[in-house]
Amino acid sequence: MSIFLQQVFNTLSSASVYALLAVGVTLVFGLTRIVNFAHGDLLTVGSYVLFLVAPAGAIWFLAGFAAAMVAVAVLAVVLERLLFRRTLVAPIRGFLVSLGLIQIIESGLSYFFTAGPRTVHPFIDRVWTVGGVDMPADRVVVIVGTAAVFLALTFYLERTKAGLMIRAVAIDAETAGLMGGPVTRTIAGVFALGGMLAGAGGAFGALLAPVTPFLGYALILKGFAVALIGGLGNVRGAMLGAVVLAALETVVITFGLSTWVSFFGFTLMIVLLIVRPRGLLRGVEAEI
Amino acid sequence: MPEVLLDIVDLSVNYGPVTALRGVSLQVAQGEAVFLAGPNGAGKTTLLRAISGLERVAGGSVRFAGATLHGRPSWDIAASGIAHVPQGRRCFGPLTVDENLRLGGYTRGSGVAEAIDAAYDLFPALKAKRRQRAEELSGGQQQMVAIARALVANPRLILLDEPSLGLAPILVEDVRVALHRILHEFSTSILLVEQNARLALSTGGRGYVLRSGRVVLEGPSTELEGRMKEAYLGG
Amino acid sequence: MRYGKSLVVLAVVTVLMLLLPAVGPSNRVLSLATLAAIYAIVTYGIALLFGTGGLLSIAHGGLWGIGAYTAALFAVRAGWSFLPVLVLSVVITAGAATLVALMSLRVRGHYFTIITFAVAEGIRALINAWTPVTAGTEGIVVVAPVRVFGFDIRSNADWYYIVVVSLAVVIALTRLVVVSRFGRRFAATRDNLDLAASVGIGVSRLRLLAFSLSGALAGLGGAYWAYSQTFVHGDQFGAAASIVFILCMLLGGARYTYGPLIGAVIVVFMPPLLALPPLLATAALGVVFILVILLTPGGLASLPERLGQLWRRWRGPDPRPPGAGAAGDGAAAAVPTGVAS
């Protein structure tokens, strides 16, 4: 029983990072139809901001966490203004642009920070044991922190005027404009929102495992698979999809098939795209 | 003659190489109801979309309450006091009726709750469904949502694109009553695109008949009634 | 241009290319030129799909890995001789491409491209994971004697001749396909799938055929890669390789006879000429890629045509109707519309 609970705990902590990534992917896709594969690298940039700002100690981690969220949000808006805004009429070009961005960000990071793995000083350096389950405090911090971020996000999207407009633009941008919704600014805002989530994910991810400049590429494939499972454009679906993927991974690794994880991941992605392009839950209409 | 609210002069719109509107001039005065008629493809919807900033204006000008509209994005135009009820209603299907109406009030700083109550007074049937998703409503009710959503913005001018399309005759009567009340109780001016000639003429104001992107007839509805038949069938 | 006339041009271009080893270039230049020709072969396959049929495939960066590994395995482990290995690589990769097409062409546009991305990365993951066959992440050293029509192929120049002659055949072949009835019907599917289907064009069969043809070119390029590089590894293949090919295609122009070739030459020779550290070269590649996507939809080969247009516009009166594009450049026009109503 405690082995099972241990797996659940591990699943939840990696699901947290996947969810922070995938919700950003799904939000941006919902409003722009752009599949931004550079979103995984935004997360890595968040980790490196944390490394720069937070040498050691809990207070420094909090400062680094905030800095990562802000810096990545700013970066995301800059990318939207410079690049992605020009691809709104043909979202497939936005996808290609993001592939180019991956090359730039990953080789840039490894040029400036070397390609080796980096870790951050633990936030709370101890392990709590509850009912036979070993819970490193930092993993608890990640799970609780992610839950708090998503509570705030849900409140923003469901209860505020700006959040309502984001949902309206995702459903029908033209009519949202007729309501007086500043469509281009809303899209930039969603890039910022996705950037904040990626920044948080990067900081939390650094608490869980070492980070390399090339982590973003591996992560985005998972993040996109998660967004697909939940239905592209569906925020709650992405949160749920993250748990599904993390659980699947836990199972595959438990059966000693870890070298095959990414192959199975791509196969799953292809099958999902062919069979249920709108996801297992309801996503936005597959407009093509 | 009351103050001219909407003043369109020599407006042209192109769809690629195709000219959709050429040299259209049209005025709507404060408190006036004006209807646009004409066969399918005449450019009526394009004209409303050009006013709202959804189509790129190739030539001419659109002025509203003295300010230039053409070339500005749709949300600026909405904020300047024009509400557009688009063709096909375009309710936000996955959102509730209440949320749809709150979006209507997006440009207002205050008084949204009161405006929503006033809209529910106009369409009491919607009040019972306020927590339902708009896509679950019937076509007629969705039309009510679209009109109510426009009214919550407290516009000075409301553009309506075929509000009776696909509605049962009894619901068309509801629309007629609603238009009457919008004009007289909300003192909002109306620019109405309508195929249903009886509904169009019942607003009692002036009308324009478009054909192939041009204005071919204009005048008070009483005069247009007879001549519209010729305009539809002729040449 | 009529096909016969373009063959004459191609013959001249080919002879010029074949003269390169005679001017005494360094070994480095020669092997880069060989590499450019290999890239060009794969790029012609991608350009056939994109330029004619409007299908953007990211799968080819993985598919050419199938060609490379087929060649490596059969040349090294089974000891097959060169030409049979070449044919087998082409056939197997074409078959794999057909399978990919069967899966991915069931969905349209956006989703098609993303599926082909997953295919490319799936092939890379498969190569890295399937250790008993592919030696996993260790890679395979490809050392095998090569004889073609009684000649031993040893030097860089020998490989260059073989690859360039193959490239010339590939260019002639793809041109023939484009101007053929098949090519015209395939092009009709680009503009309007439903219309093409409604006038009785068998859309699925056309696309399957085009995809397997372009897969065959990826297989050929992959086999040459394995032989000429003498080492294959899973990470040489996948979506990152596709980006390089797509860059070649977009730089040169997918719809122009020499577009892919021009693009491949630029992509291969630019980083050494810039003399950047490898990481910065990769970043520069990304920058160029983005700029090309945003700025030159037609590719560099379209430049003469576009400059001609600019020249005529500057000389003569503006052919556009007065006032067009003058007003209403609102940001709203750039917003995707008509999502769900």
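Analyst: One definition before we start: two residues are in contact if their C-beta atoms, placed from the backbone, lie within 7 Å. Also keep in mind that this is a predicted model.

User: OK, let's use that. How many residues do chain B and chain A each put into their contact?

Analyst: Chain B contributes 20 residues and chain A contributes 16. On the chain B side, the elements giving two or more residues are helix H2 (74–79) and helix H3 (97–104) of chain B. Sorted by class, that side of chain B holds 11 nonpolar, six polar and three charged residues.

User: How do people usually put a size on an interface?

Analyst: Often by the accessible area that is lost when the parts come together. Here we'll stick with residue counts.

User: Then how many residues of chain C and chain A touch each other?

Analyst: Here 40 residues of chain C meet 45 residues of chain A. On the chain C side, helix H5 (109–129) and helix H13 (278–295) of chain C each bring at least two residues. H5(C) has the largest share of that side, with 13 residues. The chain C side splits into 28 nonpolar, nine polar and three charged residues.

User: Let's move inside chain A. Which secondary structure elements does chain A have?

Analyst: Chain A has 11 helices and two strands. Going along the sequence, the pattern in chain A is α-α-α-α-β-β-α-α-α-α-α-α-α.

User: And why can I call chain A as compact as a globular protein of its length?

Analyst: The radius of gyration of chain A is 18 Å, close to the 19 Å that the globule rule gives for 288 residues, so chain A is as compact as a globular protein of that length. Its C-alpha trace spans about 55 × 40 × 40 Å along the principal axes.

User: Show me a helix pair. At what angle do H3(A) and H8(A) pack?

Analyst: Helix H3 (residues 58–82) and helix H8 (residues 183–208) of chain A pack at about 145°, and their axes are 7 Å apart. The crossing of H3(A) past H8(A) is right-handed. On the H3(A) side the contact residues include Gly64(A), Ala68(A), Val72(A) and Leu75(A), and on the H8(A) side they include Phe191(A), Gly195(A), Gly199(A) and Ala203(A). By class, this helix contact has 17 nonpolar, five polar and two charged residues.

User: Now sheets. What holds the strands of a sheet together?

Analyst: The general idea is that strands pair through backbone hydrogen bonds, either parallel or antiparallel. For a case, take the four-stranded open sheet of chain B, ordered S2-S1-S4-S5 with antiparallel pairing. Strand S2 (18–29) and strand S5 (67–68) of chain B are at the edges with a single partner strand each, so one side of each has no neighbour in the sheet. Strand S1 (residues 4–15) of chain B pairs with S2(B) in the antiparallel sense over eight bridges. If you want a residue to click on, Val13(B) is opposite Leu21(B) in S2(B). Helix H1 (residues 44–51) of chain B packs on this sheet, touching S1, S2 and strand S4 (59–64) of chain B, and the direction of H1 makes about 70° with that of S2(B).

User: Chain B has a six-stranded sheet as well. In what order do its strands run?

Analyst: The order is S6-S7-S8-S3-S9-S10 (chain B), an open sheet with mixed pairing. Strand S6 (82–85) and S10 of chain B are the edge strands, each pairing on one side only. On average, neighbouring strands here are turned by 15° against each other, direction ignored.

User: Where would I look for the parallel and antiparallel parts?

Analyst: For parallel, look at S6(B) and strand S7 (residues 157–161) of chain B, which pair over four bridges; His84(B) is opposite Leu159(B) in S7(B). For antiparallel, strand S9 (residues 206–211) and strand S10 (residues 214–220) of chain B pair over six bridges. S9(B) and S10(B) make a hairpin with two residues between them, and Ser212(B) in the turn has a positive phi of about 50°.

User: Last one: which domains is chain B divided into?

Analyst: Domain 1 (4–81 + 155–233) and domain 2 (91–152). The C-alpha centres of these two domains of chain B are 23 Å apart. Their contact takes 14 residues from domain 1 and eight from domain 2 of chain B. H2 and helix H7 (169–184) of chain B each give at least two residues to the domain 1 side, and H7(B) gives the most, five residues. That domain 1 side has 12 nonpolar, one polar and one charged residues.

How values were computed:
Residues numbered from 1 in each chain as written. Chains lettered and ligands numbered in written order. Predicted model: local features only at pLDDT ≥ 70, side-chain atom pairs only at ≥ 80, totals over all residues. Nonpolar A, V, L, I, M, F, W, Y, C, P; charged D, E, K, R; others polar. Axes fitted to C-alpha atoms, helices over the stretch in contact; angles between N-to-C directions. Left-handed = near helix turned anticlockwise from the far one by under 90°. Pairing = 2+ DSSP bridges. Domains from an automatic or database assignment. Rg over C-alpha atoms; globule rule 2.2 N^0.38 Å.
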